[in-house]
Amino acid sequence: MAGGVSFEPPRGMRDFYPEDMVWRNRVFDAFRAAGEAAGFKPYDACVVENYDLLARKAGEEVGEQLYHFFDKSERHIALRAEMTPTLARMVAARQKELQFPLKWTTIAQCFRYERMTKGRKREHYQWNLDIIGEDSVLAEVEVIGAACDALRRMGLADSDYKVHVSSRKFLGELLAGSGISADKHAQVFLALDKRGKMPDSEIAAMLGDGGLSDAETEAAFAIMETKDCSASPELTEMFRLAEVAGFADRLVFDIGVIRGLSYYTGIVFECFDTAGEFRAVFGGGRYDNLLTTIGGEATSAVGLGFGDVVVTELLKARLGGETVAGRKGVAVGFMFPDQRDAALRLAAKLRSQGECVDLALREQKPKKFFSRAGSSCAAKAVFIGPDDVAKGSARIKDLSTGEETEVAL
Ligand code: HAM
């Protein structure tokens, strides 16, 4: 504490020091490159939204986790907890002009007043990939394929993770087959999504509250043991297309994946590390009714959200000691104030040639300069002394090989 002000950010919020930015950039660079490689167009929106757009039905966690406030004109405003409602609003606003299917992507900072656990913060960046206006499961295959590509670009092995896939439509059909009527499915989905996070007895109680008889509750639990999805044409086709695309080895059918958001209507998926140590790396699914829910025209949609928190934990665990930044750029230093102009001139010249140059701001002893350059991730270093200025050239040293090349001052 200094003058009564804490040096800590508010609980659950994060500061990014330069060493943290090395990881964040690795993750964001992979997000952007994978999105671009798969033909997604970037978009963005403001981090505050109208509360009414984001507020949700009871039983859904994100609705209860909203940071919200009234502005000075009494507008009810919230910090976005996710990007999907905003995306739906933006698409609905231009539904007449836009060319469908759309493939859009963004990295959005999101805020949720969560109970703080490993992998869950109250603020995170979430990469979103969405395809709006496509009914075929090729849309699911494209978004999941792009997310797998991002994981590869970050440096993870294909064996490090699995994408667990199911379908609410398929689960709905199984429930209907047991006599559980469609009007009860939304409640059943929310309750069954809690499996593994709370005792089955509590879930059974939630199902009872949702109007299920004891026999129906028992049937719902039995359905959760389903291991075969060949009765679902959409899942079968999705696994087949993933085979064609070359990432079927990373997919598993898992009836237990339901997702906590109520807008999903079809295939749903969630990615976990293979060892099962971390929370979900990314999650998404088909949400064909969201545009109509907010007043737009009926349009099919598929998308995913991929947070930066869990994947960074996973990368640190898997890549650990590996230097993630890589050496680059030139450190330029000088011995006495008299060589300052020469150092600045050289820095300007190198920068104009496209080099990244870290210019020392004051004179230094050579030993100190080289030790600092070595630990600062520079690839090369040049130190200018009075003799160099006198002869009009200096030597640039490659810090990994020790090789020196002459450069004119
Ligand atoms: P979600 O499952 O709520 O889905 O979040 C997606 C991902 O965001 C999670 O898998 C996780 O990586 C990350 N995430 C969520 N909450 C937190 C948190 N409190 N701390 C750290 N990371 C977090 C959605 O938000 C959907 N809107 C995704 C989507 C896009 N569906 C269709 N399009």
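These notebook entries record what I looked up in a predicted model of one protein chain with a ligand.

**Entry 1: domains**

I began with the domain assignment of the chain, which gives domain 1 as residues 18-321 and domain 2 as residues 327-408. I then took the centres of domain 1 and domain 2 over C-alpha atoms and found them separated by 50 Å.

**Entry 2: the shell around the ligand**

I next asked how many residues surround the ligand. The count is 25, and the closest are Glu82, Thr84, Lys121, Arg259 and Tyr264. By class, the shell divides into 9 nonpolar, 9 polar and 7 charged residues. I also looked up which strands supply at least two residues of this shell. Strand S6 (123-132), strand S10 (282-286) and strand S11 (301-307) each do so.

**Entry 3: contacts to ligand nitrogen**

I listed distances to nitrogen atoms of the ligand. For lysine 121, a backbone N or O atom lies 2.8 Å from a ligand nitrogen atom. For histidine 124, a polar side-chain atom lies 3.3 Å from a nitrogen atom of the ligand. For tyrosine 263, a polar side-chain atom is placed 2.9 Å from a ligand nitrogen atom. I then checked the cover: on its own the ligand has 660 Å² of accessible area, and the protein covers 96% of that area.

**Entry 4: arginine 259**

Arginine 259, one of the closest residues to the ligand, received its own entry. I located arginine 259 in the loop between strand S8 (251-253) and strand S9 (267-273). Is arginine 259 buried or exposed? Its relative accessible area is 11%, under the 20% limit, and therefore arginine 259 counts as buried. The side chain of arginine 259 makes a polar contact of 2.9 Å with the side chain of tyrosine 264, a residue that is also listed among the closest to the ligand. I noted the backbone as well: phi of arginine 259 is positive, about 85°, although the residue is not a glycine.

**Entry 5: arginine 14 and its partners**

A search of the whole structure returned 27 salt bridges. I examined two that involve arginine 14. In one, the side chain of arginine 14 meets that of glutamate 123 at 3.0 Å, N to O. This pair links distant parts of the chain, with glutamate 123 in strand S6 and arginine 14 in the segment before helix H1 (18-37), 109 residues apart. Glutamate 123 has a relative accessible area of 2% and is buried.

In the other, arginine 14 forms a salt bridge with aspartate 308, and the closest N and O atoms are 3.1 Å apart. Here too distant parts of the chain are linked: aspartate 308 belongs to helix H12 (residues 308-319), arginine 14 to the segment before H1, and their positions lie 294 residues apart in sequence. Aspartate 308 is buried, at 3% relative accessible area.

**Entry 6: a partly exposed pair and a network**

I then turned to the salt bridge between the side chains of aspartate 200 and arginine 195, at 3.7 Å, N to O. Why do I record aspartate 200 as partly exposed? The reason is that its relative accessibility is 38%, which falls between the 20% and 50% limits. Arginine 195, at 27% relative accessibility, is likewise partly exposed. I also found that Asp160, Asp273, Glu277 and Arg318 are joined into one network by salt bridges that share partners.

**Entry 7: tyrosine 125**

I placed tyrosine 125 in strand S6. Tyrosine 125 is buried, with 15% relative accessible area. I compared its position with that of aspartate 158: the two are 33 residues apart in sequence and, C-alpha to C-alpha, 23 Å apart in space.

**Entry 8: backbone geometry**

Which peptide bond did I record as cis? The bond joining phenylalanine 100 and proline 101 is cis, with omega at about -5°. Proline 101 lies in the loop between helix H4 (84-93) and strand S5 (102-111).

I also looked up phi of glutamate 74, which is near 65°, a positive value in a residue other than glycine. Glutamate 74 sits in the loop between strand S3 (68-70) and strand S4 (76-79). I record glutamate 74 as exposed because its relative accessible area is 61%, over the 50% limit.

Methods:
Residues numbered from 1 in each chain as written. Predicted model: local features only at pLDDT ≥ 70, side-chain atom pairs only at ≥ 80, totals over all residues. Heavy atoms only, no water. Near = heavy atom within 4 Å. Polar contact = N/O pair within 3.5 Å; in protein donor to acceptor, adjacent residues only side chain to side chain. Areas by Shrake-Rupley, 256 points an atom, 1.4 Å probe, with all protein chains shown as cover. Helix = DSSP H or I, 4+ residues; strand = E, 2+ residues; numbered from the N terminus. Nonpolar A, V, L, I, M, F, W, Y, C, P; charged D, E, K, R; others polar. Salt bridge = Lys/Arg side-chain N within 4 Å of Asp/Glu carboxyl O. Buried < 20%, exposed > 50% of the residue type's maximum accessible area, 1.4 Å probe, protein only. Domains from an automatic or database assignment.
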